[in-house]
Protein chains: 2
Amino acid sequence: MVLLRRGIATMASLKKASKVVCIGRNYADHIAELNSARPKQPFFFLKPPSSILLPGDGPVIQPKGVNLHYEVELALVIGKQIKNLDESDEKTAFDSVESYALSIDMTARNVQNEAKKKGLPWDISKGFDTFLPLSRIIEKSAIPDPHNIELYLTVNNEVHQNDSTELMLFRIPRILGDISKVMTLEAGDIVLTGTPKGVGPVVPGDVMRAGIKVGGKELEEARIEVA
Amino acid sequence: MVLLRRGIATMASLKKASKVVCIGRNYADHIAELNSARPKQPFFFLKPPSSILLPGDGPVIQPKGVNLHYEVELALVIGKQIKNLDESDEKTAFDSVESYALSIDMTARNVQNEAKKKGLPWDISKGFDTFLPLSRIIEKSAIPDPHNIELYLTVNNEVHQNDSTELMLFRIPRILGDISKVMTLEAGDIVLTGTPKGVGPVVPGDVMRAGIKVGGKELEEARIEVA
Ligand SMILES: [Mg+2]
Ligand SMILES: [Mg+2]
Ligand SMILES: [Mg+2]
C-alpha cells in the first residue's frame with residue numbers, strides 16, 4: 001500500500017482502512033471521570049471505516065436523541081501487517097507504524113451507557129457516520145516520540161482536553177501487541193490510542209478544534225476543525 | 001464493485017469488505033438458550049474483515065483459554081451503498097443485496113460473557129483471526145426467498161443447528177434499515193443475520209459442516225466444512 005504524502009490520495013486511503021481499532025480507558029484521569037474500572041490489560045473495540053470524516057467533509061452529524069461526546073486521540077496508521085507481535089519487540093512495533101493522524105472518537109454517550117448497563121455491544125454508540133473526524137496525515141518524522149506530545153481539544157475556543165501522551169497507561173508496543181494477538185493488523189488500518197481526561201458533550205453549532213503540540217509547537221497538519 | 005461469479009476474484013473480494021455487521025439475538029429460541037433478553041429492536045456489532053476464513057484457508061484457530069462456540073448464519077453481500085433505508089421500502093432493501101453466503105459467527109463465549117458482565121465491548125470475543133468461516137458466494141437466484149431456507153450445522157456429523165430463516169425476529173428490510181440509519185453500508189460489505197438455536201462449543205479436532213437447504217435441496221456452493 002502506497003500512502004502519498006499530504007495529497008488527496010493519502011486522505012482517500014484512510015477511508016479504505018480495512019478496520020479501525022480503538023483502545024478504551026488508556027489514561028487514568030479519563031477512567032476516573034467516567035467512573036470506570038481500570039483495566040488490567042488494554043481492551044479495544046472497532047469503529048467502522050464508514051464513520052471516518054476527513055477534513056473538508058463537513059460537520060459531525062448528531063443523531064436524534066444522542067448525547068454526543070468528543071474524545072481526542074492520537075491515531076496510528078499501520079504501514080505493514082502485524083500479527084502476534086511481542087510487545088518487547090519495540091523496534092518492530094514502531095517500524096510498523098507508517099504515519100500518524102489526530103482523531104476524535106465521537107461517542108453517543110447515552111447509547112454507550114445503556115449498552116454497558118445491558119451488556120450489549122458498543123458498536124452502535126461508536127459507529128455512526130461522521131463519528132470519526134481525522135486530521136491530515138502526519139508524517140512520522142514530525143513526531144519523534146509519540147509518548148511525548150500534547151493533545152488538545154477546544155469547544156468554542158474553550159480548552160476541554162489538554163494532556164501529554166506520556167500519561168498513556170499502555171504504550172504503543174503493548175497496544176499493538178495485544179491487538180495483533182487477536183486480530184491481524186493490515187497496512188492501512190488505523191489504531192486509536194485512547195483519550196485523556198476532559199471528555200464532554202457537544203451540540204449542533206459548537207465548533208471543536210483539536211491539535212497536537214510537539215515540544216510546545218503546533219503541528220499544522222494535525223489540526224482538526226469541525227462543527 | 002464487480003463481483004465475478006464463483007471465481008477466485010469473488011472470494012478475494014469478500015475479504016476486502018469495508019465492514020462486517022452482525023445482528024445479535026434474531027431468533028427467539030437462541031435468545032432463550034443463552035438466557036438473554038429479547039431485543040425491542042435489532043442490535044448489531046462488527047467483526048473485523050481480518051477474521052474472515054475462506055474455503056480452503058485452513059482451520060478455525062482456538063485461542064488459548066477460549067471457549068469457542070459456533071453460530072451458523074445467513075450472510076448478505078451488499079451490492080450498492082445503503083444509507084438511511086426505510087424498512088418499508090422492501091424493493092430497495094432486496095435490490096441492495098448482491099448475493100449471499102453462509103457464515104459461521106465464531107464466538108469466544110467465555111470472553112463474551114465476561115465482557116457482558118463488565119459492560120465491555122464484544123469486539124475481542126467476536127474478532128479473532130479465523131472467527132468468520134464463509135462459504136463460496138451464493139448467487140441471488142439460488143435463494144428465491146431468503147426468509148424461507150433451512151440453515152444447518154453439524155459437529156462431527158451430529159446435527160446441532162437446523163432451522164428455517166422464517167424464524168427471524170427482524171427480517172432483512174428491517175435489519176438493513178436499522179443498520180443503515182447508523183452506518184452507511186457500502187458495496188462489498190457483509191451482513192450476518194443472526195443464528196438459530198443450537199449453538200455450542202467446539203474443540204480442536206472437531207469438524208463443523210454447515211449448509212443451506214432450499215425447498216429441501218442442498219445448495220452446493222453454500223457448504224462449509226472446517227476443522
Ligand atoms: Mg477495504
Ligand atoms: Mg475513545
Ligand atoms: Mg451471531
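Trainee: In this predicted model, which residue is the bridge partner of Cys22(A) in β2(A)?

Mentor: The partner of Cys22(A) in β2(A) is Phe45(A), and that pair belongs to the contact between strand β1 (residues 20-24) of chain A and β2(A), which are antiparallel and share five bridges.

Trainee: Where does β2(A) stand in the sheet, and what follows for its sides?

Mentor: Begin with the strand order, which in this open sheet of six strands in chain A reads β2-β1-β12-β5-β6-β9, with mixed pairing. The edges are taken by β2 (43-47) and β9 (138-139) of chain A, and because each has a single partner strand, one side of each lacks a neighbour in the sheet.

Trainee: How should I think about side chains along a strand?

Mentor: As a general idea, the side chains of a regular strand point alternately to one face of the sheet and the other.

Trainee: Which residues stand opposite Arg209(A) in β14(A) and pair with Arg209(A) in β16(A)?

Mentor: Opposite Arg209(A) in β14(A) is Thr154(A), while in β16(A) the bridge partner of Arg209(A) is Glu225(A). The first of these strand contacts is antiparallel, with six bridges between strand β10 (residues 150-155) and strand β14 (residues 208-214) of chain A; β14(A) also pairs in the antiparallel sense with strand β16 (residues 224-226) of chain A, over three bridges.

Trainee: What do β14(A) and β15(A) form?

Mentor: They form a hairpin with two residues between the strands, and Gly215(A) in the turn has a positive phi of about 55°. Two bridges join β14(A) to the antiparallel strand β15 (residues 217-218) of chain A, and Val214(A) is found opposite Lys217(A) in β15(A).

Methods. Residues numbered from 1 in each chain as written. Chains lettered and ligands numbered in written order. Predicted model: local features only at pLDDT ≥ 70, side-chain atom pairs only at ≥ 80, totals over all residues. Heavy atoms only, no water. Pairing = 2+ DSSP bridges. Helix = DSSP H or I, 4+ residues; strand = E, 2+ residues; numbered from the N terminus.
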